[in-house]
Amino acid sequence: TTDQRPLRVVCLGGGWTAIYPARSLKKAINRGQVELTIISRDNFHTFHGFIAEMLTGKVSPTNITSPSRRLFPPARFHNAEIKSVDVDKRTVTTSRLLDGKEKVLEYDHLVVALGSIDDLSRYPGIAQHAFQLKTFADNFKVRNHLLAMLEMAEIETDPVERQRLLTFIVVGGGFGGVEVATELMDYFRRLASKEYPG
């Protein structure tokens, strides 16, 4: 910039999109030309490419997460909730997760990379009855649910109820949905032959 201070770039969100400016601006940050701050409420990044493998136990749940502080250097990582953005003043106000204490960050350029939200209203019943595979907590919850259904089915004597407990539907036929469905089929066959004979 003209006043010799670094160009201030703030990125809202700590997902995949945030990794790209952190990598592409690395040299400029190290030279002191750019100051990049990445703001995220999570202090870890979830790698969605291994979700199916995590659900089926091929990889540990800890293997699908990486600490944000290791991913983004030399960019600064700001772990907080994004409270507001003032585009006229070019500021972002965050609130600390512990107690809500606010901090104001100034920027020259703003990158909005907050991810997406699944539209569960498109098909009746999904919002009320389906599990999502969006966050790390979602994935861990689904993994535990799958195992709980297998445990219940193992001791269930009614074949109709056992079939109900062992019926799973994957909503979404894209790459992720197909990968989850095929991994689950292999997983269930393997477990049924080795650990759940009933």
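Q: Here, buried means under 20% relative accessible area, exposed over 50%, and partly exposed anything in between (1.4 Å probe, protein chains only). Why does glutamate 102 count as partly exposed?
A: Its relative accessibility is 42%, so it lands in the middle class. A quick note on the model: it is predicted, so local features need pLDDT of at least 70 and side-chain atom pairs count only at pLDDT 80 or more, while totals for chains, interfaces and linings use all residues. Residues are numbered from 1 along each chain as its sequence is written, and side-chain values use heavy atoms, with hydrogens and water left out.

Q: What makes lysine 83 and glutamate 102 a salt bridge?
A: The rule asks for a side-chain nitrogen of Lys or Arg within 4 Å of a carboxyl oxygen of Asp or Glu. For lysine 83 and glutamate 102 the N to O distance is 2.3 Å, so the pair passes. Lysine 83 sits in strand β6 and glutamate 102 in strand β8, so this pair ties together parts that are 19 residues apart in sequence. Strands (E, at least two residues) and helices (H or I, at least four) are DSSP runs, numbered from the N terminus.

Q: Why is lysine 83 called exposed?
A: Its relative accessibility comes to 53%, so it belongs to the exposed class.

Q: How do you know that aspartate 108 and arginine 8 form a salt bridge?
A: Their closest N and O atoms are 3.0 Å apart, so they fit the rule too. Aspartate 108 is in the loop between β8 and β9, while arginine 8 is in strand β1, 100 residues away along the chain. Both belong to a salt-bridge network that links Arg5, Arg8, Glu106 and Asp108. In total, the model has 10 salt bridges.

Q: Why do aspartate 108 and arginine 8 count as buried?
A: Aspartate 108 has 12% relative accessibility and arginine 8 has 17%, so both fall in the buried class.

Q: What makes aspartate 186 and arginine 189 a pair within one helix?
A: Both lie in helix α8, 3 residues apart, about one turn of the helix. Their side chains meet in a salt bridge at 3.8 Å, N to O. Arginine 189 is exposed at 54%, whereas aspartate 186 is partly exposed at 40%.

Q: How do you know that the span of α8 is close to what is expected?
A: The expected span is 1.5 Å times one less than the number of residues. Helix α8 has 20 residues, which gives 28 Å expected, and it reaches 29 Å from its first C-alpha to its last.

Q: Why can we say that the buried residues of α8 line one face?
A: Gly177, Glu179, Val180, Glu183, Leu184, Tyr187, Phe188 and Leu191 are the buried ones. Looking down the axis, they fall within an arc of 155°, so they line one face of the helix. (The arc is that of the directions from the helix axis to the C-beta atoms.) Phe175, Arg189 and Ser193 are exposed on the face turned away. The buried side packs against α3 and α6.

Q: Why is threonine 46 called buried?
A: Its relative accessibility is 10%, so it belongs to the buried class. Threonine 46 lies in strand β3. Leaving out residues up to four places away in sequence, it touches Trp16, Ile64, Thr65, Phe136 and Asn139, where contact means heavy atoms within 4.5 Å.
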